[in-house]
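Open your viewer, switch to a cartoon view and get ready to click along. We will go from the whole chain down to single residues and back out again.

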Amino acid sequence: MMGAVGTIDFRRPRSALATADSSRRAAGRERAAADFYCEPRWAVEGLLDVQRFAGSVWDPACGRGTIPEAFKSRGHLTIASDLHERGYGPGGRDFLAWQPFGNEAPPVVDNIVSNPPFAIAEPFLRQALRLARHKVALLLRLSWAEGQGRRWIWDESPIAAIHPFAARVSMPPGDSHVAAKGGAVAFAWFVWSHDWQGPPIVRRIERRPS
């Protein structure tokens, strides 16, 4: 006699075998205006746990000032600016074009450290490498370095280090009241140094939300 297993029909449609049909594109979540997402202070402190910076530091997408304030607390001279008025540094400074007031020259700085708008992260990096005398550090998705289109960061740029986090970083929209807890996306600090030679080092940031 056929057992109980023999009575089960395993030929169910695909959609019945999963909570979501992976053959369909998920509806895109609406992005925050101007990609304004706020990094938590502990994520910046984590970068300072694993990287040494000498000299001045400029955040040209300063938002609410988390990065400049963290560096200032460690004794760095900091410069802050943003394309938009966020209530911290002066707004109206277009980092990519740097033409906010006619022929105003960009600051002369040793380091640029920023959480750039994701949609313009690549031109942001190219501009930062042109303007920073020593290091550039950008907070990006860990997967940002993937893809043939970004092969240049491995072959042409002085990428020195990648610092993933032991704990997920939560970055809610800056103009919302969403609490920064639990991260759904893996982020990392990518660091470039003009005097770096050889392959990048990988060192994990162990600091966690406090």
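This tour gives you one selection at a time and tells you what is there.

**Stop 1: the whole chain.** Before anything else, keep in mind that this model is predicted. Colour the chain by pLDDT: the average is 79, and 72% of the residues score at least 70. Now select residues 1-29, where pLDDT stays under 50 and the model has six contacts beyond four places in sequence. Residues 174-178 also stay under 50, with seven such contacts. Where pLDDT is low, the predicted coordinates should not be read in detail.

**Stop 2: helices and strands.** Colour by secondary structure and you will find four helices and seven strands. Walking from the N terminus, you meet them as α-β-α-β-β-α-β-α-β-β-β. Of the 210 residues in the chain, 43% count as buried.

**Stop 3: the sheet.** Show the strands alone. What is their order in the sheet? The seven strands form an open sheet ordered β2-β1-β3-β4-β6-β5-β7, and the pairing is mixed. At the edges sit β2 (78-80) and β7 (201-202), each of which pairs on one side only. Strands of a sheet pair through backbone hydrogen bonds, either parallel or antiparallel.

**Stop 4: strand β6.** Select residues 187-193, which make up β6. Seven of the seven residues of this strand are buried, so β6 is largely enclosed by the rest of the structure. In a regular strand the side chains alternate between the two faces of the sheet. Show the side chains of β6 and check both faces: Phe187, Trp189, Val191 and Ser193 are on one side, with Ala188, Phe190 and Trp192 on the other, and all are buried.

Next, look at the neighbours of β6. The pairing with β4 is antiparallel, over seven bridges, and here Leu139 stands opposite Trp189. The pairing with β5 is antiparallel too, over five bridges, and Ile162 has Phe190 as its bridge partner.

**Stop 5: strands β3 and β4.** Select residues 109-114 for β3 and 132-141 for β4. Is their pairing parallel or antiparallel? These two strands are parallel, with five bridges between them. To see the match, click Val113, which stands opposite Ala137 in β4.

**Stop 6: Asn111.** Stay in strand β3 and select Asn111. With a relative accessibility of 1%, Asn111 counts as buried, because the cut-off for that is under 20%. What does the side chain of Asn111 reach at 3.3 Å? The answer is the backbone nitrogen of Lys135. A polar atom of the same side chain also lies 3.0 Å from the backbone oxygen of Ala54. Beyond four places in sequence, Asn111 touches several residues, including Phe53, Gly55, Trp58 and His134.

**Stop 7: the helices across the sheet.** Select residues 41-50 to light up α1, a mostly covered helix with eight of its ten residues buried. Among them are Trp42, Leu47, Leu48 and Val50. The buried residues of α1 pack against α2 (66-72) as well as β3, β4, β5 and β6. Turn the view until you see α1 lying across those four strands, at about 45 degrees to β6.

Finish with α3, residues 121-131. This helix lies across β1 (57-59), β3, β4 and β6, and runs at about 160 degrees to β4.

Key. Residues are numbered from 1 along each chain as its sequence is written. This is a predicted model: local features need pLDDT of at least 70, side-chain atom pairs count only at pLDDT 80 or more; totals for chains, interfaces and linings use all residues. Side-chain values use heavy atoms; hydrogens and water are left out. pLDDT is the predictor's confidence in each residue, from 0 to 100. Contact means heavy atoms within 4.5 Å. Buried means under 20% relative accessible area, exposed over 50%, partly exposed in between (1.4 Å probe, protein chains only). A polar contact is a pair of N or O atoms within 3.5 Å; within protein, one must be able to donate a hydrogen and the other to accept it, and residues adjacent in sequence count only if both atoms are side-chain atoms. Two strands pair if DSSP finds at least two bridges between them. Axes are lines fitted to C-alpha atoms, for helices over the stretch in contact, and angles run from 0 to 180 degrees between N-to-C directions.
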